[in-house]
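Please walk me through this model in the viewer, one selection at a time. I would like to know what to pick next and what is found there.

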Amino acid sequence: MSTTTATPAAPVKAPRKFRLTWQTLLLGLLGLLVLLSVTRVVSGANDITSAGTMSAALAAAVPIGLAGLGGLWSERAGVVNIGLEGMMIFGTWFGAWGAIVSGNPWVGVIMGALGGAIGAVLHAIATVTFGVDHVVSGVAINILGLGVAKYLAAAVFADMKGGGDTQSPRVPSMGTFSVPGIGDPLKSLEQTHIFFLSDLAGVLRGLTQNVSYFTILAILLVPLTFWILWKTAFGLRLRSCGERPVAAESLGVNVYFYKYVAVIVSGVMAGLGGAFLSLIAAGIYREGQTGGRGFIGLATVIFGNYRPGGLAGGALLFGYTDSLQLRQGGTSVHALLFTMALLLAGAAVFLLVRQQRTVAAVVTGVIAILVFWVYAITDTVPEQFTTAAPYVVTLLVLAFASQRLRMPAADGVPYRRGQGH
């Protein structure tokens, strides 16, 4: 009688998970700059990498990035914050008021943060303590912020010289910072229009010259948020409240406390974004100046897959497209069609070669051809599309980002203390 011995199957190697390192990020940014350099040479749209465009892009990205950081803190603790827009509105009014009354723009920054925190406390009480639906509470905060700011502007600014029912007087200006010794050499190199080198000079000059101190503060908040949420015990406990709050409570974590902290910090970030609009971007409070940036900030959280680095990238992308439509308009946005065609062609090759997804590769390739065809037969784009370009880009990015989305497991899920017992 013979026996057959089964041969154990060879273990299947799990696919390597992609990890974003600073080396990979640097290579990606350099590759993108090369692509923009090619676009500039082909299209003749020299403004797409100019220092002015980069400076405007950074200024446009800051309030969106701050709102996005606010959304990140709240969502990571399991609280959906649709009310970021309302908290930003609080920040615009309180920021301008604080700066005007005190004569110091930094007091305005602090007051803007406190204004956003007021809206956040209301949202936290409603959602965490009383269990109100997160979306309903967020919508209420947005309506409240709009109404309160409108009332306060009419009650306070209307009696000030230069103010009115819908706007404030000019606010005190804040200083700027420039890296010494490199401004003029970079300007000279940028004006040569040499492939890549002049583009790199334009980017560096835009990001290092005449940058407001508020912008520097906002940039520093991105790595600070990453360090707190991913490198400290406090951050681990906070994120556990957004993933498995019942398990966190069983280990002694005060879930209510961490949710409150996260939502309040969320409001502070959104309030800072609003204060930036009134103190730096406009130098004045105006009714409706947030322009939906709180919602776009929430979109950058999704774009960044609930991580600070990706969130910052989403904010910069929106800020860049927004700055293009504000400067050369149709010419610059038209040039981006060429860039988009190249990116789509590269994506089609990647899908076919690395992912073995033939249908998706063919569809992406066809879209790339259509985009290039539109670029080839036109010289500019309509003004209406130019204005809508940042929002169109946001929607397209969200459509692609949703395919790899990994939101916190308990995000938006009602939680009551002791429910696991």
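Start by selecting Glu287 and Lys150, which form a salt bridge with their closest N and O atoms 3.2 Å apart. The model is a predicted one. Glu287 sits in the loop between helix 11 (255-281) and helix 12 (293-303), while Lys150 belongs to helix 5 (residues 134-156), so the pair links parts of the chain 137 residues apart. Is each partner buried or exposed? Glu287 counts as partly exposed at 34% relative accessibility, and Lys150 is also partly exposed, at 45%.

Next, select Glu190 and Arg205. Their side chains make a salt bridge in which the closest N and O atoms are 3.1 Å apart. Glu190 lies in helix 6 (residues 183-190) and Arg205 in helix 7 (residues 197-208), with their positions 15 residues apart in the count. Glu190 is buried, at 12% relative accessibility, whereas Arg205 is partly exposed, at 23%. The two values fall on either side of the 20% cut-off, under which a residue counts as buried.

Now move to Arg76 and Glu243, whose side chains meet in a salt bridge of 3.7 Å, N to O. Arg76 is in helix 2 (residues 51-76) and Glu243 in helix 9 (residues 233-243), 167 residues apart. Arg76 is buried at 8% relative accessibility, and Glu243 is buried at 19%. Add Arg406 to the selection: salt bridges that share partners join Arg76, Glu243 and Arg406 into one network. In total, the structure holds five salt bridges. Side chains of opposite charge can pair when their charged atoms come close.

Keep helix 9 on screen. Its buried residues are Gly235, Leu238, Arg239, Cys241, Gly242 and Glu243. Which helices do the buried residues of helix 9 pack against? They pack against helix 2, helix 8, helix 10 (245-250) and helix 11.

Leu238 leads on to the largest nonpolar core. This core has 58 residues, and those touching the most other members are Leu66, Trp93, Phe214, Leu238, Leu272, Leu279 and Tyr285. To see which helices take part, colour helix 2, helix 3 (84-102), helix 4 (105-129), helix 5, helix 8 (213-231), helix 9, helix 11 and helix 12; each supplies at least two residues of the core. The largest share, 12 residues, comes from helix 11. In soluble globular proteins, nonpolar side chains tend to be buried together.

Centre the view on Leu66 and show its surroundings. Not counting residues up to four places away in sequence, Leu66 touches Phe214, Ala218, Leu221, Met269, Ala270, Leu272 and Gly273. There is also a second, separate core of 11 residues, which includes Leu33, Ile48, Ala57 and Leu324.

Leu33 appears again at the next stop, Asp199 in helix 7. Asp199 is buried, with a relative accessible area of 0%. Leaving aside neighbours within four places in sequence, Asp199 is in contact with Leu33, Ser37, Arg40, Thr49 and Ile194.

Widen the selection to the whole of helix 7. The helix has 12 residues and reaches 16 Å from its first C-alpha to its last, close to the 16 Å expected at 1.5 Å a residue. Buried in helix 7 are Ser198, Asp199, Ala201, Gly202, Val203, Gly206 and Thr208. Just after the helix, Asn210 takes a positive phi of about 55°.

Then go to Ala124 in helix 4. Ala124 counts as buried, at 0% relative accessibility. What does Ala124 contact, leaving aside its neighbours within four places in sequence? The residues in contact are Thr129, Tyr260 and Val263. A distance label between Ala124 and Tyr256 should read 9.4 Å, C-alpha to C-alpha, for two residues 132 apart in sequence.

Finish on the surface by selecting Val121, Ile125, Phe130, Val132 and Val136. These residues form a nonpolar patch with about 410 Å² of accessible area together. Val121 lies in helix 4 and counts as partly exposed, at 31% relative accessibility.

Note on methods. Residues are numbered from 1 along each chain as its sequence is written. This is a predicted model: local features need pLDDT of at least 70, side-chain atom pairs count only at pLDDT 80 or more; totals for chains, interfaces and linings use all residues. Side-chain values use heavy atoms; hydrogens and water are left out. A salt bridge is a side-chain nitrogen of Lys or Arg within 4 Å of a carboxyl oxygen of Asp or Glu. Helices (H or I, at least four residues) and strands (E, at least two) are DSSP runs, numbered from the N terminus. Buried means under 20% relative accessible area, exposed over 50%, partly exposed in between (1.4 Å probe, protein chains only). A nonpolar core is a set of buried Ala, Val, Leu, Ile, Met, Phe, Trp, Tyr and Cys residues joined through side-chain atoms within 4.5 Å. Contact means heavy atoms within 4.5 Å. The expected span of a helix is 1.5 Å times one less than its number of residues. Patches are made of residues with over 30% relative accessible area and no salt bridge: like charges are joined within 9 Å, nonpolar side chains (Val, Leu, Ile, Met, Phe, Trp, Tyr) within 5 Å. Accessible areas come from the Shrake-Rupley method with a 1.4 Å probe; for residues, only the protein chains shown count as cover.
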